[in-house]
Amino acid sequence: MSSCFVRKRVVAPAGYRPSAALLSATKDELIERVHRIADPLESFTMKMEMSPSVGSLYVGEVKDYATLGGYILFRKPDGIRILGLDPVLGSTVFDMVSMAETFRIHIPSKNRFIEGRNDAPAASKKQFENLRPVAFLTSLMIQPPDKKADITLLEEDTNEREAVYILLIIRRGTDEPWLVRTLHFDRHNLEIIRQKTFDSLGGVLSDTKYSGWKEYDGISFPLEIDIKRPQDHYEVVLNVLSLKINSADVTPEKFVLNQPPGTELQELSKQ
């Protein structure tokens with residue numbers, strides 16, 4: 001009688017690869033992989049294409065903008081500059097820079113210059129103007145856990161849809177410890193495919209997906225980075241066209257952005 005109520009089915013979605021192909025790794029081995037990506041990377045100059053979208057990303061109300069060209073410069077520990085260019089005219093759409101705790105943004109079409117702290121709220125009703133250079137920095141630079149400040153746990157999540165290891169990075173604090181980041185590794189090749197960051201209440205600050213990892217002078221970097229910022233209501237997809245690693249010409253002077261004469265100054269501070 002029981003056989004009448006049993007049905008056997010095969011679950012093999014498109015792109016699924018058998019478990020025999022899965023790789024195994026310990027927590028320490030995965031952390032070491034992050035170190036091999038982050039530690040030797042001192043600076044870079046990136047030529048890229050940027051496809052921004054704004055709106056309520058998780059309820060389907062999204063406005064897509066035209067793909068921009070541009071460049072991103074990075075210098076350790078926390079210097080980043082992003083230049084967005086009109087794909088037809090080549091003119092500057094925006095120029096933004098962040099170092100340490102502050103940022104500056106120049107928007108020529110609005111004749112506006114914005115400066116403030118990186119933790120200032122993204123309060124503009126025009127979500128595209130809420131782009132912050134520190135958001136790019138957080139997503140582009142995948143940092144290993146801090147041994148002194150963080151507790152790191154390992155989760156293995158293998159099912160019919162995916163096979164991943166997840167590093168859960170928990171920040172020690174004076175109050176309750178809180179989950180600050182998760183790093184997701186594809187068990188077929190142990191590449192990092194996703195990084196999520198969280199606020200102290202558990203809300204998602206950023207959700208970044210990575211694909212097309214490639215080696216540049218022995219240092220791995222992804223060719224496509226999909227950055228979602230749900231609390232700021234925007235998404236940016238970056239496609240790397242070329243990347244120059246650890247170049248001597250990425251000097252501190254490249255991260256100086258002064259207010260052009262005649263522009264309107266807008267100052268932002270933490271709430």
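Let's start in the middle of a run of strands: E4 is joined to strand E5 (residues 92–99) by six bridges, and the two run antiparallel. This is a predicted model, so read everything that follows as a description of a prediction. Across the E4–E5 pairing, Leu83 has Asp95 as its bridge partner in E5, while Arg81 stands opposite Val97. Between the two strands of this hairpin there are six residues, and Gly90 takes a positive phi there, near 75 degrees.

Now stay on E4 for a moment. This strand covers residues 79–85, and six of its seven residues are buried, which makes it mostly covered. On its other pairing, E4 meets strand E3 (residues 68–75), again in the antiparallel sense, over seven bridges. One place to look is Phe74, which stands opposite Ile80 in E4. E3 and E4 also make a hairpin, this one with three residues between them. The loop between E3 and E4 is where you find Pro77, and the peptide bond leading into that proline from Lys76 is cis, with omega near 5 degrees.

Keep Phe74 in view, since that ring turns up again away from the strand pairing. Ring pairs link Phe74 with Phe44 and Phe221 into a cluster. Searching the whole structure gives three aromatic pairs. Tyr210 and Trp213 form a tilted one, with 6.2 Å from centre to centre and 45 degrees between the planes. Both Tyr210 and Trp213 are buried.

Back to the strands, then, and on from E5. E5 is joined to strand E6 (residues 102–107) by five bridges, and these two run antiparallel. Val97, which stands opposite Arg81 on the E4 side, has Arg104 as its bridge partner in E6. The hairpin of E5 and E6 has two residues between the strands. Ala100 lies in that loop, and its phi is near 60 degrees, a positive value in a residue other than glycine.

E6 is also home to His106. Is His106 buried or exposed? Its relative accessibility is 15%, and because buried means under 20%, His106 counts as buried. What is His106 in contact with, once neighbours within four places in sequence are left aside? The list includes Val93, Phe94 and Asp95, along with Arg112 and Phe113, and then Leu257, Pro260 and Thr263. Asp95 is the residue we met earlier as the bridge partner of Leu83.

From here, let's turn to the empty spaces. The count comes to one cavity of 30 Å³ or more, and the largest cavity has a volume of about 60 Å³. Some familiar residues line the largest cavity: Tyr210, Trp213 and Phe221 are among them, as are Ile37, Leu41 and Met141. Helix H1 (27–38), strand E12 (204–216) and strand E13 (219–229) each supply at least two residues of that lining. E13 gives the most, with three residues. By class, the cavity lining has ten nonpolar residues, one polar and no charged.

The loop between E12 and E13 is worth a quick stop as well, for Asp217 is found there. Asp217 has a phi near 50 degrees, a positive value in a residue other than glycine. At 70% relative accessibility, Asp217 counts as exposed, because the cut-off for that class is over 50%.

Last comes the largest pocket, which holds about 1,200 Å³ of space. Of the 36 residues that line the largest pocket, the closest to its centre are Asn118, Val134, Thr138, Leu205 and Arg229. Which elements each supply at least two residues of the lining of the largest pocket? They are helix H2 (133–140), strand E10 (178–186) and strand E11 (192–198). H2 provides the largest share, four residues. The residues of the pocket lining divide into 17 nonpolar, seven polar and twelve charged, whereas the lining of the largest cavity has no charged residues.

Methods
Residues numbered from 1 in each chain as written. Predicted model: local features only at pLDDT ≥ 70, side-chain atom pairs only at ≥ 80, totals over all residues. Heavy atoms only, no water. 1 Å grid on protein atoms, 1.4 Å probe; cavity = no way out; pocket = protein on both sides within 12 Å on 5 of 7 lines; lining within 4 Å. Points joined across faces, edges and corners; volume = space filled by probe spheres on them. Nonpolar A, V, L, I, M, F, W, Y, C, P; charged D, E, K, R; others polar. Phe/Tyr/Trp six-rings, centres within 6.5 Å; stacked < 30°, edge-to-face > 60°. Buried < 20%, exposed > 50% of the residue type's maximum accessible area, 1.4 Å probe, protein only. Pairing = 2+ DSSP bridges. Contact = heavy atoms within 4.5 Å.
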